[in-house]
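Please keep the sequence and the coordinates open side by side while reading the walk-through below. It moves from helices to strands and then to two single residues.

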Amino acid sequence: MAASNAYDFIVAGAGSAGCALARRLSDDPHVSVLLVEAGGRDWNPLLRVPMMTGLLLRNRFANWFYHTEPEPNLAGRRIFWPRGKVLGGSSAINGMVYTRGLPMDYDTWAQMGLPGWSFADVLPYFKRSEAYHGGASERHGAEGPLPVSRPGSANPLFDAFIEAGRQAGHPVSTDFNGPSPEGFGRYDFTTFAGRRWSSAQAFLHPVRGRANLTIVTRSHVDKVVFEKGRAVALDVRAEGGSQRYRAWREIALSLGTVGTPCALMRSGIGDPDALRAHGIDIVADSPDVGQNLQDHVLARVEHVCRQPVTLYSTLRGDRAIAALVQALLFGTGPAATFPLEVGAFARSHKALDAPDLQSHFLPGLSTAALRLPFFRGAKTRHDGHGFFANIYQLRPESRGTVSIRSADPLADPVIRPNYLSTDNDRRVLRAGVRLLREVFAQPAFDAFRGPELSPGPDVASDGELDAWLSANADTVFHPIGTARMGADARAVVDAELRVRGVEGLRVADASVMPRMPSSNTHAPTVMIAEKAADFLRGHMAAVG
């Protein structure tokens, strides 16, 4: 093997976690790092425009464009699963919301037998990556590479949503990542100066000229190669043919909740019977690979808006083009933010100790329904001004699976989320819909509120809501858990993210989360990468 194909560390996957991990490893000039990505370079300037999220999520550009298998509890529908396929991964196409979850999420991980994963343990890693707009504090960092800002747009519907939450008896939160996250308030975003700041933009681009960091794109991971039970190389398929890269020290899989378990299975790590059925030799018996899939499933409550203050005006063809040009050139204007600027963390029942619902409010019915005669964008049930809020259960009980369809790395995976498979998941989501209805009924919305478009006034009972949810509930794109971290023998990785049954291989991405954090998942995924870097480098950050 040529010396140019050998590196100290190999990071497979340049998404939210992989970019951060490669950056931190390459901070040491004495080690060489290879970062491998299946997608292309993030050269397209549209990836920098926050409002483009609505189109990026629905377009094959920079997107794996996955679909689930027919979901038994969602009327047999195949649910669309966009995942990023470009430098930056899903952080290059997502909604950019920066939330970390509740301290109890990580304390629960620690109580599950995972030392070093309590909130006190992980907080320094959140802070290390963060450049918070409000400056450094006990909960925030200001010197990291990832900008975290708050747009503060002045649309009157944003203020109406927060005030309506207060009128409905909920608290108001000034910082969803602060000591009092429960309530209605404004979100922080991974944006800066009116532009998206993906993990590639934040962590990778400032150091891409380093001599010890090599980045290869359009290279699909085939499998990890083992010698005597140790991971020694990575096989990939690129446009020029197959390639093998050797790792002198360790390999880290950061391919995400879909890609990582599939790569483990193709490498011979998984359920032996399932792997033999695909003609794959067994390296390690690990039946939980691909199990424990969790995702946030949402419902939307939509209304006609009686005043012309929504995105409908901005999305008119000429205005949309002008807004796009303004955002590209100056980082200003309506396209320089993603309009899920306000939301809530709330309880489905007052007796609960912590919020179990999260909501995002949009002053429109879609961010992708461009009003152009030749453009087929997102469809809405109402061609006019409207608004909606989504809501989802923060910690779902339902569990699904991800598996390979064949040993071919280019074959689509088999994704079975098993949404709404428990009575409690359905109960909490019904309660969320009713909570939003109560909020929209408050005086703060009297000047704006038109007829309810969805679920609609004829959907009220538990049975009617369940039928409506089955036909309409959707993912909010937060899959986790398919390479579960745990202290038990069936766990895929241990508390230091080492893959059980082999040596020299770790996982650093959202797939290791044993339970869903009460939040969007980008920030926790970056935290995991920060912590993984210290595991690989052999030292830990000071707690405090």
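What follows is an explanation of selected helices, strands and residues in this predicted model.

A suitable place to begin is helix α11, which covers residues 423–440. At 1.5 Å a residue, its 18 residues should span 26 Å, and because the end C-alpha atoms are 26 Å apart, the expected and the modelled spans agree. Among the buried residues of α11 are Asp425, Val428, Leu429, Arg430, Ala431, Gly432 and Val433, and Leu435, Leu436, Arg437, Val439 and Phe440 are buried as well.

Two helix contacts of α11 can be described in turn. Two packed helices are described by the angle between their axes and the distance between the axes. For helix α5, residues 156–167, the axis comes within 8 Å of that of α11, and the two cross at roughly 105°. An angle of 65 to 115 degrees counts as roughly perpendicular, and therefore α5 is roughly perpendicular to α11. On the α5 side the contact involves Phe161, Ala164 and Gly165, which meet Leu436, Val439 and Phe440 of α11. Sorted by class, this contact of α5 with α11 holds five nonpolar residues, one polar residue and no charged residues.

The other contact is with helix α12, residues 462–472, which packs against α11 at an angle of about 100°, with the axes 10 Å apart. These two helices, α11 and α12, are therefore also roughly perpendicular to each other. From α11 the contact draws on Arg426, Leu429, Arg430, Val433, Arg434 and Arg437, while α12 contributes Asp462, Leu465, Asp466, Trp468 and Leu469. By class, the contact of α11 with α12 has five nonpolar residues, no polar residues and six charged residues.

How many of the residues of helix α7, residues 256–266, are buried? The count is 11 of the 11, so α7 is largely enclosed by the rest of the structure. The buried residues of α7 include Gly256, Pro261 and Cys262, together with Arg266. The helix α7 is followed by Gly268, whose phi is positive, near 100°.

Strand β21, residues 386–393, is likewise mostly covered, with eight of its eight residues buried. From β21, Gly386, Phe388, Asn390 and Tyr392 point one way, whereas Phe387, Ala389, Ile391 and Gln393 point the other way, and all are buried. Strand β18, residues 297–305, runs antiparallel to β21 and is joined to it by seven bridges, with Arg300 standing opposite Asn390 in β21. Strand β20, residues 357–362, also runs antiparallel to β21, here through six bridges, and Leu357 stands opposite Gln393 in β21.

Two single residues complete the walk. Val402 is found in strand β22, residues 401–403, and at 1% relative accessibility Val402 counts as buried, because the cut-off for that class is under 20%. Leaving aside residues up to four places away in sequence, Val402 touches Thr257, Val258, Pro261, Cys262, Met265, Gly290, Leu293, Val414 and Thr482. Of these, Thr257, Val258, Pro261, Cys262 and Met265 are among the buried residues of α7.

Asp235 is found in strand β14, residues 230–238, and with a relative accessible area of 11% Asp235 is buried too. With residues up to four places away in sequence again left out, Asp235 touches His220, Val221, Asp222, Lys223, Val225, Gln243 and Arg244. Lys223 also offers a link back to Val402: these two residues are 179 residues apart in sequence and 17 Å apart in space, C-alpha to C-alpha.

Definitions and conventions. Residues are numbered from 1 along each chain as its sequence is written. This is a predicted model: local features need pLDDT of at least 70, side-chain atom pairs count only at pLDDT 80 or more; totals for chains, interfaces and linings use all residues. Side-chain values use heavy atoms; hydrogens and water are left out. Buried means under 20% relative accessible area, exposed over 50%, partly exposed in between (1.4 Å probe, protein chains only). Helices (H or I, at least four residues) and strands (E, at least two) are DSSP runs, numbered from the N terminus. Two strands pair if DSSP finds at least two bridges between them. Axes are lines fitted to C-alpha atoms, for helices over the stretch in contact, and angles run from 0 to 180 degrees between N-to-C directions. Angles under 35 degrees count as roughly parallel, over 145 as roughly antiparallel, 65 to 115 as roughly perpendicular and the rest as oblique. Contact means heavy atoms within 4.5 Å. Ala, Val, Leu, Ile, Met, Phe, Trp, Tyr, Cys and Pro count as nonpolar, Asp, Glu, Lys and Arg as charged, and the others, Gly among them, as polar. The expected span of a helix is 1.5 Å times one less than its number of residues.
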